[in-house]
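Subject: Handover of a structure and the findings on it

Dear colleague,

Please find below the structure that I am passing on to you. My notes on what was found follow directly after it.

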Amino acid sequence: MEEAIGLSSMNGRVLICAGSDSGGGAGIQADIKTVTALGGFAATTITALTAQNTKGVFSVYDIPINFIKEQARVVLQDLGADCVKTGMLHNADVIKAVAETLETEVPGAPLVVDPVMVAKGGHQLLEPTALDILKSELIIKATLITPNVPEAELLSGMVIENVDSMRSAAEILLALGPRAVLIKGGHLAGESLTDLLVTESGERTYSGPRLDTRNTHGTGCTLASAIATGLAQKYELENAIERARNYVFNAILSAPGLGSGHGPLNHAHTMQAIVDN
Ligand SMILES: Nc1ncnc2c1ncn2[C@@H]1O[C@H](COP(=O)(O)OP(=O)(O)OP(=O)(O)O)[C@@H](O)[C@H]1O
Ligand SMILES: [Mg+2]
């Protein structure tokens, strides 16, 4: 009997291809915590290491391309994946390496592409010349892309000031080939906050109150990983997004208040404390 004990409720394998955030609030660390907190199994392909805290990204250490490919290949050939999520892929070679490996090893799996370009503190995380490769190699194959407002502006070439212009930009992005586009409204002003989903068959807005807080480090990574977990668990896309938004909202609400910059979320709010002190 080699069956694992105690893992029977773990459901949905997610392969995350993204960068490490040493501060633990965003990137691979946020992704693993999110998938785990929602009952999935997280495996990773790390594309870069960042020296980072709540105040910013201090330096980036690239992982060699062949080693990026090997991480994905050996995981997929043995453990498999029910959904793939991509985050920080910082240049054209990394994007091509990830896209090619996924195409060969896990064709047809749902793919959530978070087109990470700039960190919350302003650090550039994608070489501008790689934008066309991102579109032609990865966005075209995506089940869902999750740009924030500045990313949607760069990808669509238009200015976004409100939900109406979000809608126009989303139509431009949908024409690039993904099955669905979710433009996140975190960067717009206003008391309420709206994320907009556009697919071939229509649109849906997700609105809620904007929390007045500095603790929003990694909200984007967390949202995309939560959606990917839902897709791996066979949720319909709209329901996966609904659950993911609730998860992020409560993670911001219960944030631990660490650091002095953009503070991390509480990814563990779905879990019961097991330490009694
Ligand atoms: N202040 C807030 N209050 C409530 N929800 C928020 C707040 N900020 C962001 N969110 C939610 O978090 C999710 C991520 O949105 P956001 O626009 O912050 O992404 P992002 O810019 O990609 O984040 P990151 O900088 O971490 O990459 C969205 O669902 C958004 O609605
Ligand atoms: Mg983001």
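Which residues are the closest to ligand 1, and how many surround it? In this predicted model, the ligand is surrounded by 22 residues, and the closest of them are Asn148, Gly186, Leu211, Thr219 and Gly220. Sorted by class, the shell consists of 9 polar, 8 nonpolar and 5 charged residues. Three elements each contribute at least two residues to this shell, namely β8 (192-199), α7 (219-232) and α8 (237-253).

Thr219 and helix α8

Thr219, one of the closest residues to the ligand, is located in helix α7. Is Thr219 buried or exposed? Thr219 counts as buried because 22 C-beta neighbours lie inside 10 Å, against a threshold of 20 or more. Apart from neighbours within four places in sequence, Thr219 is in contact with Gly186, Val248, Ile252 and Leu265. Gly186 is itself listed among the closest residues to ligand 1. Thr219 also lies 9.9 Å from Gly27, C-alpha to C-alpha, although 192 residues separate the two in sequence.

Val248, one of the contacts of Thr219, belongs to helix α8. Val248 has 25 other C-beta atoms within 10 Å and is therefore buried. Its contacts, leaving aside neighbours within four places in sequence, are Thr219, Thr222, Leu223 and Ala226. The C-alpha atom of Val248 is separated by 9.6 Å from that of Gly218, which is 30 residues away along the chain.

The loop between α7 and α8 holds Lys234. Most residues other than glycine have a negative phi. Lys234, which is not a glycine, has a positive phi of about 70°. Lys234 is exposed, because 12 other C-beta atoms lie within 10 Å and a count of 12 or fewer is classed as exposed.

Strand β1 and its surroundings

Why is strand β1 (residues 13-21) described as largely enclosed by the rest of the structure? The reason is that 9 of the 9 residues of β1 are buried. Strand β1 runs parallel to strand β2 (residues 41-53), to which 8 bridges join it. Within this pairing, Asp21 of β1 has Thr50 of β2 as its bridge partner. From β1 the chain passes through helix α1 (residues 27-37) to reach β2, in a β-α-β crossover that is right-handed. Strand β1 is also parallel to strand β4 (residues 83-86), with 4 bridges between them; here Cys17 stands opposite Thr86.

Helix α1 is mostly covered, since 10 of its 11 residues are buried. The buried residues include charged and polar ones by name, among them Asp31, Lys33, Gln29 and Thr34. The elements that cover the buried residues of α1 include β1, β2, β4 and α7. After α1 comes Gly39, which has a positive phi near 90°.

The nonpolar core

In soluble globular proteins, nonpolar side chains tend to be buried together. The largest nonpolar core of this model has 74 residues, of which Val14, Leu15, Val98, Val112 and Ile227 touch the most other members. Helix α7 provides the largest share of this core, with 8 residues. If residues up to four places away in sequence are not counted, Val98 touches Cys17, Ile68, Ala72, Thr86 and Leu89. Two of these residues, Cys17 and Thr86, are the ones that stand opposite each other between β1 and β4.

Strands β7, β8 and β9

Which residues cover the two sides of strand β7 (residues 180-183)? Ala180 and Leu182 are on one side, Val181 and Ile183 are on the other, and all of them are buried, with both faces of the strand covered. Strand β7 pairs with β8 in the antiparallel sense over 4 bridges. In this pairing Leu182 stands opposite Leu197, and Ile183 stands opposite Leu196.

Strand β8 pairs in turn with strand β9 (residues 202-209), also in the antiparallel sense, over 8 bridges. Asp195 of β8 stands opposite Tyr206 of β9. These two strands form a hairpin, with 2 residues between them. Strand β8 also returns us to the ligand, as one of the elements that supply at least two residues of the shell around ligand 1.

With kind regards

Note on methods
Residues are numbered from 1 along each chain as its sequence is written. Chains are lettered from A and ligands numbered from 1 in the order in which they are written. This is a predicted model: local features need pLDDT of at least 70, side-chain atom pairs count only at pLDDT 80 or more; totals for chains, interfaces and linings use all residues. A residue is near a molecule or strand if its C-beta atom, placed from the backbone, lies within 6 Å of it. Two strands pair if DSSP finds at least two bridges between them. A crossover is right-handed if, with the strands pointing away from the viewer, the path from the first strand over the helix to the second runs clockwise. Two residues are in contact if their C-beta atoms, placed from the backbone, lie within 7 Å. A nonpolar core is a set of buried Ala, Val, Leu, Ile, Met, Phe, Trp, Tyr and Cys residues joined through C-beta atoms within 7 Å.
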